[in-house]
There are 4 protein chains.
Amino acid sequence: MIIVFKPKISKRDETSVLREIRKLGYKPHIMRGVARTVVGAIGDELKNKSLEALATQFPEAVESVMPIQKRFKLVSRQAHPANSTVNIRGGIVLGGKKFHVMAGPCSVESEKQLLKTAEAVKNAGATILRGGAFKPRTSPYEFQGPGEKGLKLLAKARKETGLAVITELLSETHAEMVAEYADIIQIGARNSQNFQLLIAAAKTGKPILLKRGLSMKIEEWLLAGEYVLANENPNLMFCERGIRTFETYTRNILDLGAIPIIKQESHCPIVIDPSQGAGRADLVFAMCKGAVAMGADALLIEVHPNPAEAWSDGAQQVTLEQFAKLMQELRPLILAAGRV
Amino acid sequence: MIIVFKPKISKRDETSVLREIRKLGYKPHIMRGVARTVVGAIGDELKNKSLEALATQFPEAVESVMPIQKRFKLVSRQAHPANSTVNIRGGIVLGGKKFHVMAGPCSVESEKQLLKTAEAVKNAGATILRGGAFKPRTSPYEFQGPGEKGLKLLAKARKETGLAVITELLSETHAEMVAEYADIIQIGARNSQNFQLLIAAAKTGKPILLKRGLSMKIEEWLLAGEYVLANENPNLMFCERGIRTFETYTRNILDLGAIPIIKQESHCPIVIDPSQGAGRADLVFAMCKGAVAMGADALLIEVHPNPAEAWSDGAQQVTLEQFAKLMQELRPLILAAGRV
Amino acid sequence: MIIVFKPKISKRDETSVLREIRKLGYKPHIMRGVARTVVGAIGDELKNKSLEALATQFPEAVESVMPIQKRFKLVSRQAHPANSTVNIRGGIVLGGKKFHVMAGPCSVESEKQLLKTAEAVKNAGATILRGGAFKPRTSPYEFQGPGEKGLKLLAKARKETGLAVITELLSETHAEMVAEYADIIQIGARNSQNFQLLIAAAKTGKPILLKRGLSMKIEEWLLAGEYVLANENPNLMFCERGIRTFETYTRNILDLGAIPIIKQESHCPIVIDPSQGAGRADLVFAMCKGAVAMGADALLIEVHPNPAEAWSDGAQQVTLEQFAKLMQELRPLILAAGRV
Amino acid sequence: MIIVFKPKISKRDETSVLREIRKLGYKPHIMRGVARTVVGAIGDELKNKSLEALATQFPEAVESVMPIQKRFKLVSRQAHPANSTVNIRGGIVLGGKKFHVMAGPCSVESEKQLLKTAEAVKNAGATILRGGAFKPRTSPYEFQGPGEKGLKLLAKARKETGLAVITELLSETHAEMVAEYADIIQIGARNSQNFQLLIAAAKTGKPILLKRGLSMKIEEWLLAGEYVLANENPNLMFCERGIRTFETYTRNILDLGAIPIIKQESHCPIVIDPSQGAGRADLVFAMCKGAVAMGADALLIEVHPNPAEAWSDGAQQVTLEQFAKLMQELRPLILAAGRV
């Protein structure tokens, strides 16, 4: 920790602050500069208490307190310099040379809707089927998903197509049930700091796809991921899905800059969800192209046979035909990005 | 719903859109204006599917789709024109003429720390004791709270002082346990759209204090509250605790404008948490004064006998002496605001 | 500046960074901690070049670079520990014990509209008349203000009522003209970092009211104010008018927390504009009460004889009757806040 | 305009609102729906006054007022369905099939620095030289640019290399001088709603590159561009350079989604500035790749022979070697995007 003193403080104040620093387990190291005196508090910030209260407890003496250690460990690039890969099932490996596309409807609605979509996205080149069985809805009066019935349909679609399955976990009490059917457990943006859910998901041992919260800082996202790895589950993928800003033209702003940043800070794969990110099907194409070019490991795309009549989020789902066209347009970019 | 057509669309496109509107359960009503043709889709937006997908499904024809109904019902001022009041325990009624202060440490740390604080805040005029037994922490390596042991200490402090007790619920699986000890169940900002937790909390029948999420719109907050009332628990209080913005001077921006807005839209009481809101003890005084003057029903303030050595969030906790002084300074403003 | 090294860097990298630090005019002081080595670069940050490029120029060696000096000087509380006061005209002093209210229409529309409003706000207790002669409008097709004709009307209203006059300056080329008529020159939110305009305004010698930009950090606001004081004009007032966030219920979020923060960091008066802040007349009352209770020095309120027919921003203007009522309701709070 | 009434309003209130709508120049058209009565106000929103004040002037009767017309005209895709192209000079045409790169130092510092950079970026494939002669700086104590001397050096570099020149205009009073030297006039983010500057720049007749403001909505940006076209200058380019959000990992979030949105709403070219966008040289590569893949017409990149010693913004400038490497890496993506 670095403690910056105010310009002219009394000897007595200085002594009090230094005493408190020692009491909290750090060794103070004083540097007298031109405009400010600065104290380096030597000690492990992750083991000792924070010194940040000094600024408010000694308001006459302390101007600011700055931590210097990064707070995440296991997810960090330092802990694991090579890219890590996640084995989903049957040879599907995320984070390696092969670029993957996860696609499917926002909500599982019916057997017909799901199987038709699964078949189509598979033919277009997707390897993983998405579909919500439990849906977190802003209003209690909106469709909350088909529940376990939806999970069974996903399993059936997997059996028929060979696609792996990703679906969202909403409740700690469903962790085992969802893990029974899913190949990847998705933690949604609204639950990205629901640490109890993260722990329950991690303990199933299944690969976890962790979406970024609506106003989650990169550091907080990495720390939420740390909850997964610290609970002995190394199979973590980060998924950017758009952040909340002042802009109202689209529902969210897809932060594609998160791709190089996650690659720099962490060894875990990064997935982009352009459907949530834009909230508008007509922007999905360009978003996908940007994501591929910038080094994403996979895409998560909402696809529906008839979006206008979807039971949830119709505005952001692309049709089966649009999806097939998109996959073709992505091909040259996937190659140009050095992926297959 | 209002559907705005693009300026020059073909008759055929118009017919297709109108057919889809009817198919989705609405009766279209056409208005031809000077610059745009607009369709009013007559039907209950809360019962029918959304028409928002029309804009992306008919991109050549539809410019925008605007819902007109408010999505919340039970929490709305319309549903209950008078202010509602919440009975906490033993004559403590929130939302009435009496202004209440909830105060106590961020985390329950020890019997001595808690009882000393409880005694002091009671003497200064608080009626409700706060204290975290389960703490949601950004990092898995930070202190996660004392758990049930903390709940027992809160119950002991209640017995000794007569203060009511508020504490946070983090996990669906703890709902019954927390309800056994607490007089008010707090749902924290990070769980404000953890709908499963909201439902579990509501079902205990205990009064619920629902904090606003870090980037939660007013409408989303009201809808999260709707999850409580829709699960047959009318004892809901909203709590503003600061929103996330671009500003880095303070951790959050306390949105005091939420007070008149919640009062206008809803009948439920509104509580202000200036400690989380500012993240800095030195700003708490002014924030409390503003909240009282603007019509808040209660304050939720973090108080600690020795904030510099607190196990969590020391920078935002005020000392026992500061709290007593604050309560005195608030007195004339409480009276000027027409409260007692 | 504090330079934090990455965990395991080569001796050679360390030497290169230290050499560069010296080359840029600082003396490096090394602290070897438990988890990180940190360098304190001793030297005046305001005179030397920034070291912030080190992190990107030595990406293998440097983790982060943190400035420690505050960048503002003349506006700082340190430079002038007492509150400064601004003499507007004829005994109107802002920043002292007397609380002031500036009120008037968004735009000057006609002699009748302006004089009627001026008379009414004076009778209700305002001391300063506001009114836009030059209006910055988002669209080129909206009413841009009456120009110099409006300034003349403001001067006439001053003569008839004795109120001082505040009006906005939009263009460097109008600085002298506006200064001829106005007692206070307002710099609007959209021009808050138009430094050429700030300099031109400062040079007129007139008191300056500097609105906060829509997404301006406190530090940037203070630095924009520094442009005024550094151009030899000590008569600066800061004006909070709402910041831009994700919330769409109101046009802006009025950041009342800026009051104690500006009071802490600066000696200059702080004014609150609740009309722009809320964008809705029905919220203005509560906002004004909060501002008074939290220690603002003045309010800037939009008042119009018939807001529904105003030529600009009708939704946020209060009527003459509402304004008179508001002034009465503020009275006890002004006294409770220790003002007159 | 659409006016939504509150659920149960009196006949008298309804009549008053309808009278006011007529008075303001619109013809009301009533639609009685299931849950709400809605009024379509028929009339040209761009010529008549706004009805938005109705909601605050009739708070018991009017729930909300929604405009339906888009406020921009000349910049809109509707006004000019084909992409427009901008002739810069000597065969350099922006917005056509050829992808352009503008590159050069943040500030013009010396003849040697500028010529060396110009030579290098030209050899690497850039066609336009950037360089700041007038710099808008957050603090009055930072380097404000070399002024006209810098303009002369830019002209010299153009003469020696054949590159076109882009430089920023800060002050209305410099418009003619800057136009004398520059081929493109840049309006910076902080001046993006300095409408007087936009008008002065437009009137020079030179091509204008309009950066997006830090918290500027797409609609506001288009309307700021409208100020250029409405002042008879058709040569407008939009430039996304990052928006301000809650994230602190990077200085801004580059909103690459602006590319397809501007292409959809407008006919004007879109340029991406990844240097300002990220504020960190190490992220520039990925940002450029995303921009190319998503359909940008050009890039604006900061390049410096020795960024660590740059007089401004060293952290975000790439070296001459990095720039050459970047241009090579972009090549396959430019082709994959169908550009040359």
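Trainee: How many disulfides does the structure hold over all chains?

Mentor: This is a predicted model. A disulfide needs two cysteine sulfur atoms within 2.5 Å. A:Cys239 is in no disulfide, and its nearest cysteine sulfur, that of A:Cys288, is 12 Å away. Over all chains, the disulfide count is zero.

Trainee: Is A:Cys239 buried or exposed?

Mentor: Buried means under 20% relative accessible area. A:Cys239 has 0% relative accessibility. So A:Cys239 counts as buried.

Trainee: Why is there no bond between B:Cys268 and the closest cysteine sulfur, and which residue holds that sulfur?

Mentor: The cut-off for a disulfide is 2.5 Å between sulfur atoms. B:Cys268 itself is buried, at 0% relative accessibility. The closest cysteine sulfur is 13 Å from that of B:Cys268, which is too far for a bond. The residue holding it is B:Cys239.

Trainee: What share of the residues in chain A is buried?

Mentor: Chain A has 340 residues. Its secondary structure comes to 11 helices and 14 strands. The buried share of chain A is 67%.

Trainee: Among contacts in chain A between residues at least 6 apart in sequence, what share joins residues at least 24 apart?

Mentor: A contact here means heavy atoms within 4.5 Å. The C-alpha trace of chain A spans about 80 × 45 × 40 Å along its principal axes. Of the contacts in question, the share joining residues at least 24 apart is 67%.

Trainee: What ipTM does the predictor give the complex?

Mentor: Take chain A before the complex. Its mean pLDDT is 95, and 100% of its residues reach 70 or more. For the complex, the predictor gives a pTM of 0.96 and an ipTM of 0.94.

Terms used. Residues are numbered from 1 along each chain as its sequence is written. Chains are lettered from A and ligands numbered from 1 in the order in which they are written. This is a predicted model: local features need pLDDT of at least 70, side-chain atom pairs count only at pLDDT 80 or more; totals for chains, interfaces and linings use all residues. Side-chain values use heavy atoms; hydrogens and water are left out. Helices (H or I, at least four residues) and strands (E, at least two) are DSSP runs, numbered from the N terminus. Buried means under 20% relative accessible area, exposed over 50%, partly exposed in between (1.4 Å probe, protein chains only). pLDDT is the predictor's confidence in each residue, from 0 to 100.
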